[in-house]
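The following paragraphs lead the reader through the structure displayed here, beginning with a single residue and then turning to the sheet and the helices that pack on it.

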Amino acid sequence: MLMFNENFLWGGATAANQFEGAWNVGGKGPSTADVLTDGTHSSPRRITKQIEQDAYYPSHKASDFYHRYKEDIALMGEMGFKVYRMSIAWTRIFPTGIEDEPNEEGLAFYDNVFDELKKYNIEPLVTISHYEMPLYLSQKFNGWYSRKLIDFYLKYCKVIFERFKNKVKYWLPLNEVNCGAYPFGNYISLGILNDGTENAIYQVDDVQKRYQALHNQLVAGAKVVKLAREINPDFKLGCMIAYMQSYPLTCHPKDALQCQKQMGIGNFYCADVVVRGKYPFFAKRYWEENGIHIVMEPEDEIALKEGTVDFFAFSYYSSNCISHEEEKQNTTEGNIVGGITNPYLTTSEWGWQIDAEGLRYALNELYARYQIPMMVVENGLGSYDKLEEDGSIHDDYRIAYIKEHIKNMAEAIKDGVDLIGYTPWGCIDLISVSTGEMEKRYGFVYVDSDNKGNGTFNRYKKDSFYWYKKVIASNGQNID
């Protein structure tokens with residue numbers, strides 16, 4: 001029997017730059033995401049200096065939640081959502097990031113969204129910065145590499161905390177903050193655009209610059225936690241980590257050590273800071289071996305210690321294997337990074353290995369390390385879906401994927417993990433951050449749009465919509 005707490009938070013997740021659209025409507029300024037062109041599984045998204053007339057930018061239309069939020073929230077309500085993880089677009093509030101006063105029209109939009117969620121008794125879980133920042137701050141200051149970003153970010157957070165202090169309880173300051181531990185995170189997460197970088201996948205990397213920017217971001221996140229509690233002590237603040245589960249490829253001790261090292265830098269380097277309030281013991285050696293010198297202000301260590309979070313939120317999609325033999329690297333893909341193919345697993349259409357038991361493993365590892373409530377705030381299967389003539393979409397493959405992950409969450413709860421919520425990614429179809437595609441679909445609801453933004457944008461319920469509604473109604477007891 002599956003056992004979930006009676007207050008378990010079932011729901012779904014999206015991000016503003018992948019879902020809202022209306023990129024220049026209502027006083028919104030351009031974000032770093034707004035100059036990312038479309039791409040494909042084999043053709044990387046380009047980063048352009050300005051908007052090119054002959055290029056297509058998926059964030060500009062996305063799924064058009066901005067104009068359809070009432071319809072979309074009604075669909076969430078019909079499924080029975082208890083929580084909706086969403087993000088606020090920084091540039092709707094401060095178009096360039098340096099304004100003295102916020103954009104009232106942007107604040108009013110989110111007021112309306114939160115009011116609509118309340119009509120259906122859906123709790124908002126708000127990511128404050130989800131893979132976007134004002135483009136001006138990237139171009140003027142090279143993103144988080146400048147400590148000036150900390151003050152700009154705190155100003156933004158203070159405005160939204162005070163405005164929505166009676167409407168939002170759960171906050172995630174930074175999305176997948178550990179993305180900055182990888183070259184992919186330079187522009188996507190940190191807003192750094194190094195000379196020579198032309199696309200989002202193969203970015204020119206300066207490891208010193210990247211880890212300094214990541215430090216600045218971690219300090220900002222900690223200061224935001226403290227600020228939030230000063231404004232409303234009832235706020236609950238969480239971290240958000242892209243958890244990348246890896247296994248040693250063989251029982252060779254060097255494979256085990258290499259895997260341990262990668263798990264440490266990839267997952268725990270940032271997680272230890274936001275949960276424990278200090279860098280992990282292995283950070284010093286990593287800095288020394290990679291020529292990294294973190295410039296810290298005297299108050300940084302105090303800020304990190306005072307700004308630890310209340311709950312641990314993370315994304316989980318797939319797993320891979322690690323070997324100490326370099327020629328065996330990068331044979332399978334995944335969220336942010338790839339690895340070596342695991343012969344015991346199957347693979348999705350986008351090359352991500354499917355490993356539901358890995359989620360149970362991850363939950364146990366994380367809970368043993370941190371001992372705070374856990375939330376799985378991203379999980380799902382990106383796949384092609386076919387819209388039938390009668391408006392139906394038969395996505396049994398998605399149901400099978402999520403079903404197995406729910407089973408393993410239940411097993412983790414039986415193991416003793418304090419798991420409080422689950423928000424599958426892209427609950428209504430949205431564009432992919434890695435490829436910019438709409439046709440890499442995750443949702444329970446189909447959005448009639450192709451990779452170039454052509455379509456009616458009408459919504460259609462997939463088979464998984466009705467299945468997930470049944471799961472929520474039974475509190476996870478009925479998943480067949």
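A residue is called buried when its relative accessible area is under 20%. The model considered here is a predicted one. Gln212 has a relative accessible area of 6%, and therefore counts as buried. This residue belongs to helix H8, which spans residues 207–231.

The surroundings of Gln212 can be described next. When neighbours within four places in sequence are set aside, Gln212 is in contact with Tyr145, His293, Ile294 and Val295. For Val295, a polar atom of the Gln212 side chain lies 2.7 Å from the backbone nitrogen.

Attention now turns to the sheet. Strands of a sheet pair through backbone hydrogen bonds, in either a parallel or an antiparallel arrangement. In this model, 8 strands form a closed barrel in the order E1-E2-E3-E4-E5-E7-E11-E12, and their pairing is parallel. On average, neighbouring strands of this sheet are turned by 30° against each other, with direction ignored. One of the pairings joins strand E11 (residues 374–378) to strand E12 (residues 419–422), in the parallel sense and over 3 bridges. Within this pairing, Val376 has Tyr422 of E12 as its bridge partner.

Helices also pack on the sheet. Helix H6 (residues 148–163) does so by touching strand E3 (123–129) and strand E4 (170–174), and the direction of H6 makes about 160° with that of E3. Helix H9 (residues 253–276) likewise packs on the sheet, where it touches strand E5 (236–242) and strand E7 (311–315). The direction of H9 makes about 170° with that of E5.

Methods:
Residues numbered from 1 in each chain as written. Predicted model: local features only at pLDDT ≥ 70, side-chain atom pairs only at ≥ 80, totals over all residues. Heavy atoms only, no water. Helix = DSSP H or I, 4+ residues; strand = E, 2+ residues; numbered from the N terminus. Buried < 20%, exposed > 50% of the residue type's maximum accessible area, 1.4 Å probe, protein only. Polar contact = N/O pair within 3.5 Å; in protein donor to acceptor, adjacent residues only side chain to side chain. Contact = heavy atoms within 4.5 Å. Pairing = 2+ DSSP bridges. Axes fitted to C-alpha atoms, helices over the stretch in contact; angles between N-to-C directions.
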